[in-house]
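Visitor: I am new to this structure and would like a short tour. Could we look at it together?
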Amino acid sequence: MASSSSSLLILAVACFVSLISPAISQQACKSQNLNSAGPFDSCEDLPVLNSYLHYTYNSSNSSLSVAFVATPSQANGGWVAWAINPTGTKMAGSQAFLAYRSGGGAAPVVKTYNISSYSSLVEGKLAFDFWNLRAESLSGGRIAIFTTVKVPAGADSVNQVWQIGGNVTNGRPGVHPFGPDNLGSHRVLSFTEDAAPGSAPSPGSAPAPGTSGSTTPGTAAGGPGNAGSLTRNVNFGVNLGILVLLGSIFIF
């Protein structure tokens with residue numbers, strides 16, 4: 001009897017660990033130290049390219065403050081980028097913030113790119129206003145891009161795209177790989193509690209192209225509501241599993 005009860009107890013503990021492990025892994029962004037940046041309201045572990053996004057939405061001025069964290073593909077080179085696409089869901093049409101290390105212990109360089117096609121990566125002005133743009137080196141070879149962007153009034157989501165790329169030669173970024181993860185690095189970012197999960201913002205809601213942002217140094221689909229629902233479901237499953245398994249031990 002004692003041996004059987006012990007075996008069932010071990011099984012219960014194993015099931016408990018297996019159930020909570022996914023919940024813990026999805027909270028990796030919460031343990032990141034963003035150095036001088038203040039706390040953000042929300043964060044999410046992006047599904048590919050070992051990338052993370054921290055963000056705060058300010059409804060009073062329709063702005064979205066973000067910190068994008070990723071590791072370049074090469075220790076002594078490479079670049080990372082985060083973008084909003086006002087007119088589509090993938091890379092073409094993206095308005096990107098791209099950062100790379102300049103060497104000599106200096107802060108990473110961060111520039112803006114209006115990406116008209118997959119074969120064109122030319123520095124240029126963005127289609128929306130932004131401010132407090134800067135980049136920092138983090139531990140583990142990671143780079144963080146900080147900025148605040150103006151989003152359309154009343155919008156509850158944006159199409160986000162992120163990427164890590166190859167060499168940077170004379171300040172010019174090379175083309176990124178075209179593996180499945182690189183091609184799948186786009187999701188809808190919902191930043192209000194009442195946003196519909198996974199709903200893409202209307203392309204017509206973008207600000208008129210041609211407005212420029214300040215680069216003054218300073219700060220899969222779904223948003224906080226999705227993350228909260230997932231956590232609640234996981235916790236419910238964990239609690240139910242424990243009750244059933246412990247009940248079977250005592251009944252036995």
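Visitor: In what order do the 5 strands of the open sheet come?
Guide: The model shown is a predicted one. Its open sheet has the order β1-β2-β3-β8-β7, and the strands pair in the antiparallel sense.

Visitor: Which are the edge strands there?
Guide: They are β1 and β7, the latter covering residues 130-137. Each of them has a pairing partner on one side only.

Visitor: By how many degrees are neighbouring strands of this sheet turned against each other?
Guide: The average is 15 degrees, with direction ignored.

Visitor: Over how many bridges do β3 and β8 pair?
Guide: Strand β3, residues 63-70, and strand β8, residues 143-150, are joined over 8 bridges in the antiparallel sense. One of the residues involved is A70, whose bridge partner in β8 is I143.

Visitor: Staying with β8, is F146 buried or exposed?
Guide: F146, which lies in strand β8, counts as buried because its relative accessibility is 0%, and the cut-off for buried is under 20%.

Visitor: What separation do the C-alpha atoms of F146 and F97 have?
Guide: Those C-alpha atoms are 9.1 Å apart, while along the chain the two residues are separated by 49 residues.

Visitor: A change of topic, then. Which residues form a disulfide?
Guide: C29 and C43 do, with 2.0 Å between their sulfur atoms. The count for the model comes to 1 disulfide. In general, such a link is a covalent bond between the sulfur atoms of two cysteines.

Visitor: Is the link of C29 and C43 right-handed or left-handed?
Guide: The link is right-handed, with 65 degrees about the S-S bond.

Visitor: Which parts does the pair tie together?
Guide: C29 is in the loop between α1 (2-25) and β1 (42-45), whereas C43 is in strand β1 itself, so the disulfide ties together parts that are 14 residues apart in sequence.

Visitor: And is C29 buried or exposed?
Guide: C29 is buried, at a relative accessible area of 1%. C43 also counts as buried, with 16% relative accessibility.

Visitor: Let us turn to the surface. Which residues make the nonpolar patch?
Guide: V175, F178 and L183 make a nonpolar surface patch of about 310 Å².

Visitor: Where is V175 found?
Guide: V175 sits in the loop between β11 (172-173) and α2 (180-183). Its relative accessible area of 62% makes V175 exposed, since exposed means over 50%.

Conventions: Residues are numbered from 1 along each chain as its sequence is written. This is a predicted model: local features need pLDDT of at least 70, side-chain atom pairs count only at pLDDT 80 or more; totals for chains, interfaces and linings use all residues. Side-chain values use heavy atoms; hydrogens and water are left out. A disulfide is a pair of cysteine sulfur atoms within 2.5 Å. Helices (H or I, at least four residues) and strands (E, at least two) are DSSP runs, numbered from the N terminus. Buried means under 20% relative accessible area, exposed over 50%, partly exposed in between (1.4 Å probe, protein chains only). Two strands pair if DSSP finds at least two bridges between them. Axes are lines fitted to C-alpha atoms, for helices over the stretch in contact, and angles run from 0 to 180 degrees between N-to-C directions. Patches are made of residues with over 30% relative accessible area and no salt bridge: like charges are joined within 9 Å, nonpolar side chains (Val, Leu, Ile, Met, Phe, Trp, Tyr) within 5 Å. Accessible areas come from the Shrake-Rupley method with a 1.4 Å probe; for residues, only the protein chains shown count as cover. A salt bridge is a side-chain nitrogen of Lys or Arg within 4 Å of a carboxyl oxygen of Asp or Glu.
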